[in-house]
Amino acid sequence: MNHKHESPIGALGARWGLYSEAAFRNGLDAILEGTFGVQVLNVVEYDDAGEVFGCPEQIELDLIIRKGDLILCEIKSSVSKPDLYTFLRKVEFYEKRHQRQATRKMVISPMVHPSAQPIGPRLGIEVNSTPAKVIIRTSVVDWIG
């Protein structure tokens, strides 16, 4: 019985993740471009050499460009430790291909696994998420990402 419902629930969660990422990206675009004249781009390129994933694959990155600054972003519904290493390889791929260094590397996610938290700063990646602990009626609940 559980198996019968796991697949549709997982598909719904995956779809929610994709839609929420797109909604956040669209909001970011509307605020930054519409108000501050900052360029926000969603770049999709093909990695023929397989530098990022070990085989040829499509690579997606969000770029924010302002007066010569280049911010490379990853917007995800959840982030694990491997996701941060993958993002770093995407950044390196983009920098190499376009001969341009990122001013900032940033991950934005409501759920970051606790094991990923210390990895971001070591890799030079800013991790933007929810607080690690939430206080509810004098009890502390750990956020599990």
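**Fold, helix α2 and side-chain contacts in the predicted model**

The chain contains three helices and seven strands. The structure described here is a predicted model. Along the sequence, these elements are arranged in the order α-β-β-β-α-β-α-β-β-β. The chain has 145 residues, of which 32% count as buried. Its exposed surface is about 9,400 Å², and carbon and sulfur atoms supply 58% of that area. Among contacts between residues at least 6 apart in sequence, 53% join residues at least 24 apart.

The strands β1 and β2 run antiparallel and are joined by nine bridges. Within this pairing, Asp 47 has Glu 57 in β2 as its bridge partner. Strands β2 and β3 also run antiparallel, with five bridges between them. Here Asp 62 stands opposite Cys 73 of β3. A hairpin is formed by β2 and β3, with two residues between the strands. In the turn, Lys 67 has a positive phi of about 45°.

Helix α2 covers residues 81-98. With 18 residues at 1.5 Å a residue, α2 should span 26 Å, and the distance of 26 Å between its end C-alpha atoms agrees with this. The helix is followed by Gln 99, which has a positive phi near 50°. The buried residues of α2 are Leu 84, Thr 86, Phe 87, Leu 88, Lys 90, Val 91, Phe 93, Tyr 94 and Glu 95. An α-helix has 3.6 residues a turn, so residues three or four places apart point the same way. The cover over the buried residues of α2 includes the strands β1, β2, β3, β4 and β5, together with helix α3.

Thr 86 is one of the buried residues of α2. Its relative accessibility is 16%, and because the limit for a buried residue is under 20%, Thr 86 counts as buried. When neighbours within four places in sequence are left aside, Thr 86 is in contact with Val 52 and Phe 53.

In soluble globular proteins, nonpolar side chains tend to be buried together. The largest nonpolar core of this model has 19 residues. Those with the most contacts inside this core are Leu 63, Leu 72, Leu 84, Phe 87, Tyr 94 and Ile 125. At least two residues of the core come from each of β2, β3, α2 and α3. The largest share, five residues, is supplied by α2. Apart from this core lies another, of 10 residues, among them Val 38, Val 40, Cys 73 and Met 106. Ile 125 of the largest core touches two residues also listed with the most contacts there, Leu 84 and Phe 87. Not counting residues up to four places away in sequence, the other residues that Ile 125 touches are Leu 88, Lys 105, Met 106, Val 107 and Gly 120.

The structure holds six salt bridges. One of them joins the side chains of Lys 90 and Glu 74, with an N to O distance of 3.2 Å. Lys 90 lies in helix α2 and Glu 74 in strand β3, so this pair ties together parts that are 16 residues apart in sequence. Both Lys 90 and Glu 74 are buried.

A salt bridge also forms between the side chains of Asp 83 and Lys 76, at 4.0 Å from N to O. Asp 83 has a relative accessibility of 23% and counts as partly exposed. Lys 76, at 24% relative accessibility, is likewise partly exposed.

The side chains of Glu 126 and Arg 104 meet in a further salt bridge, with 2.7 Å between N and O. Glu 126 belongs to strand β5 (residues 125-128) and Arg 104 to strand β4 (residues 104-108), so the pair ties together parts that are 22 residues apart in sequence. Glu 126 has a relative accessible area of 30% and is partly exposed. Arg 104 also counts as partly exposed, at 35% relative accessibility.

Technical notes
Residues are numbered from 1 along each chain as its sequence is written. This is a predicted model: local features need pLDDT of at least 70, side-chain atom pairs count only at pLDDT 80 or more; totals for chains, interfaces and linings use all residues. Side-chain values use heavy atoms; hydrogens and water are left out. Helices (H or I, at least four residues) and strands (E, at least two) are DSSP runs, numbered from the N terminus. Buried means under 20% relative accessible area, exposed over 50%, partly exposed in between (1.4 Å probe, protein chains only). Contact means heavy atoms within 4.5 Å. Accessible areas come from the Shrake-Rupley method with a 1.4 Å probe; for residues, only the protein chains shown count as cover. A nonpolar core is a set of buried Ala, Val, Leu, Ile, Met, Phe, Trp, Tyr and Cys residues joined through side-chain atoms within 4.5 Å. The expected span of a helix is 1.5 Å times one less than its number of residues. Two strands pair if DSSP finds at least two bridges between them.
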